[in-house]
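Q: Please take a close look at one residue and the contacts around it. Then set it against the helix packing and the relation between the chains.

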2 protein chains.
Amino acid sequence: MSEPVKTVTACIVVIGNEILSGRTRDSNIQYLATELGALGVQVRECRVIPDVEATIVATINEVRRKFDYVFTTGGIGPTHDDITADSIAKAFSVGISEHPEAVARMTRHYGDPALFTPARRRMARVPHGGLLVDNPVSVAPGFQMENVFTFAGIPKVAEAMFQSMKHKLVGGTPVLSRTVRTNLPEGIIAEPLGALQKRFEDLDIGSYPAFRNGKPSVSLVLRGTDDARLAAAAVELLATIRGMNGEAEEFAQ
Amino acid sequence: MSEPVKTVTACIVVIGNEILSGRTRDSNIQYLATELGALGVQVRECRVIPDVEATIVATINEVRRKFDYVFTTGGIGPTHDDITADSIAKAFSVGISEHPEAVARMTRHYGDPALFTPARRRMARVPHGGLLVDNPVSVAPGFQMENVFTFAGIPKVAEAMFQSMKHKLVGGTPVLSRTVRTNLPEGIIAEPLGALQKRFEDLDIGSYPAFRNGKPSVSLVLRGTDDARLAAAAVELLATIRGMNGEAEEFAQ
């Protein structure tokens with residue numbers, strides 16, 4: 001008897017005009033998606049939205065009801081364009097003010113009171129009811145409101161914040177994966193691959209073509225919660241490709 | 001007399017489990033956002049969604065009404081998990097079948113009929129009413145349904161498809177930008193920067209901290225449609241930072 005599969009979902013909301021203008025290439029989605037996957041939390045959707053209060057409020061209120069967890073990155077710094085904390089307070093219909101523990105940490109960090117400027121004090125403001133998320137890199141904390149976790153946008157800081165809070169997450173059944181890479185093009189393996197997917201309905205089989213060292217290459221990714229089933233499907237897939245005179249190599253992930 | 005500012009908006013929808021699992025780091029958002037910006041089309045939102053028909057249909061129907069243009073990437077290959085074309089047909093409540101011109105191009109490309117497999121023929125299927133988007137890299141076309149353009153997910157192919165159709169886009173007033181980079185931390189420049197934003201309400205001033213060569217650095221990005229105003233704001237900003245004994249350098253973008 002195997003345990004019932006428990007699915008826990010998440011949405012990542014990247015807040016920042018710099019991603020939408022193309023100035024910055026986001027890396028937080030990949031980092032968080034990978035880390036969450038390892039904890040049994042499946043990222044089901046991501047949004048990239050501008051630093052616009054109405055958009056942040058509407059997006060947060062939509063996704064926090066649809067997904068088990070929501071993670072936001074960006075917009076909690078000291079400048080006028082950092083409006084995420086205020087917008088999240090509005091989404092939850094609560095006020096926002098300085099959090100004493102955040103003020104205490106930042107007072108210690110800056111030492112000289114002249115360096116703890118009014119702008120930096122803004123970073124100690126947390127929506128009422130929010131719990132702090134530690135920031136081992138630059139002290140000014142993120143925060144948690146119910147199932148919504150708010151991190152900084154700088155990848156180094158976002159990653160540290162995630163590491164400091166991830167023990168709080170309750171994941172579902174971990175999704176395992178195996179990858180078979182081949183030199184056969186998708187158009188040739190598509191038919192047996194589709195047949196394999198039909199025989200292994202409990203698995204999710206994805207096909208990802210790419211150019212590797214200038215040559216086309218296809219990664220066939222098997223995902224599922226039962227490793228024995230994954231192993232069986234991988235064995236079949238390797239045999240099928242080799243039976244078609246293709247090269248095939250398996251990578252455990 | 002300056003011309004009235006015309007705003008044209010876009011949404012990018014990245015379709016693919018491989019981005020949501022963290023396996024692949026998306027680069028199409030940055031490419032398309034940068035290219036669209038140069039044409040006067042402002043990306044206002046991006047979504048990353050799974051290869052799930054109901055999600056694709058609901059997302060496309062939401063965003064195609066909200067934005068002037070929609071661009072999708074991913075899910076138009078030959079394998080069973082490529083369901084974007086069928087899902088977009090469903091979103092527009094139309095049928096889908098082989099497009100004669102797409103079949104003709106692919107027949108020429110593959111030469112030997114044995115290579116033009118049933119799986120590859122799937123890539124010639126286009127929702128009824130759809131116009132082809134050329135694919136100079138691997139022939140199988142993308143397509144346009146009203147204001148929705150559907151591209152492949154492989155960056156090389158998505159980029160070529162965009163280049164082949166971008167002359168069709170009618171952009172608004174181009175958004176120009178100037179960047180001032182400084183070694184002063186955000187917490188120190190936040191106050192004069194906020195004051196500058198208040199005096200230049202027609203501009204959008206963003207502050208983006210980063211680590212460069214291990215040292216903190218802040219890029220202050222001024223964006224707007226009037227270059228004279230941008231220049232005036234940049235002059236003030238440079239003077240302000242230098243008046244605070246900070247280093248400041250301007251980059252035209």
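A: Contact here means heavy atoms within 4.5 Å. The model is predicted, so local features need pLDDT of at least 70 and side-chain atom pairs count only at pLDDT 80 or more, while totals for chains, interfaces and linings use all residues; side-chain values use heavy atoms, without hydrogens and water. Residues are numbered from 1 along each chain as its sequence is written, with chains lettered from A and ligands numbered from 1 in the order in which they are written.

The residue to start from is His99(B), which sits in the loop between strand S4 (96-98) and helix H5 (100-110) of chain B. Helices (H or I, at least four residues) and strands (E, at least two) are DSSP runs, numbered from the N terminus. With its neighbours within four places in sequence left aside, His99(B) is in contact with Ala124(B), Val126(B), Gly130(B) and Leu132(B). Gln30(B), for reference, is 69 residues from His99(B) in sequence and 31 Å from it in space, C-alpha to C-alpha.

Chain B also contains the pair formed by helix H3 (residues 53-66) and helix H4 (residues 84-91), whose axes come within 9 Å and cross at roughly 50°. Because of that angle, H3(B) is oblique to H4(B) (under 35 degrees is roughly parallel, over 145 roughly antiparallel, 65 to 115 roughly perpendicular, and the rest oblique). From H3(B), the contact takes in Glu53(B), Ile56(B), Val57(B), Ile60(B), Asn61(B) and Arg64(B); from H4(B), it takes in Thr84(B), Ser87(B), Ile88(B), Lys90(B) and Ala91(B). By class, the H3(B) and H4(B) contact holds five nonpolar, three polar and three charged residues. Ala, Val, Leu, Ile, Met, Phe, Trp, Tyr, Cys and Pro count as nonpolar, Asp, Glu, Lys and Arg as charged, and the others, Gly among them, as polar.

Further along chain B, helix H8 (residues 186-199) packs with helix H9 (residues 227-243) at about 155°, the axes being 11 Å apart. Axes are lines fitted to C-alpha atoms, for helices over the stretch in contact, and angles run from 0 to 180 degrees between N-to-C directions. H8(B) and H9(B) are therefore roughly antiparallel. Ile189(B), Pro192(B), Leu193(B), Leu196(B) and Arg199(B) of H8(B) meet Arg229(B), Ala233(B), Glu236(B), Leu237(B), Thr240(B) and Ile241(B) of H9(B). Seven nonpolar, one polar and three charged residues make up this contact of H8(B) with H9(B).

In chain A, the axes of helix H8 (residues 186-199) and helix H9 (residues 227-243) come within 11 Å and cross at roughly 155°. H8(A) and H9(A) are therefore roughly antiparallel as well. On the H8(A) side the contact is made by Ile189(A), Pro192(A), Leu193(A), Leu196(A) and Arg199(A), and on the H9(A) side by Arg229(A), Ala233(A), Glu236(A), Leu237(A), Thr240(A) and Ile241(A). These residues divide into seven nonpolar, one polar and three charged.

The domain assignment, which is automatic or from a database, splits chain A into domain 1 (8-168) and domain 2 (176-252). The centres of domain 1 and domain 2 of chain A, taken over C-alpha atoms, are separated by 38 Å.

As for the two chains, a turn of 180° and a shift of 0.0 Å along the axis lay chain A on chain B with an RMSD of 0.0 Å. That is the relation of a two-fold axis. The same surface serves both copies, since 100% of the contact residues of chain A recur in chain B. The superposition is by least squares on the C-alpha atoms of residues with pLDDT of at least 70 in both copies. Arg47(A) is the residue of chain A that comes closest to the rotation axis, at 2.3 Å (C-alpha).
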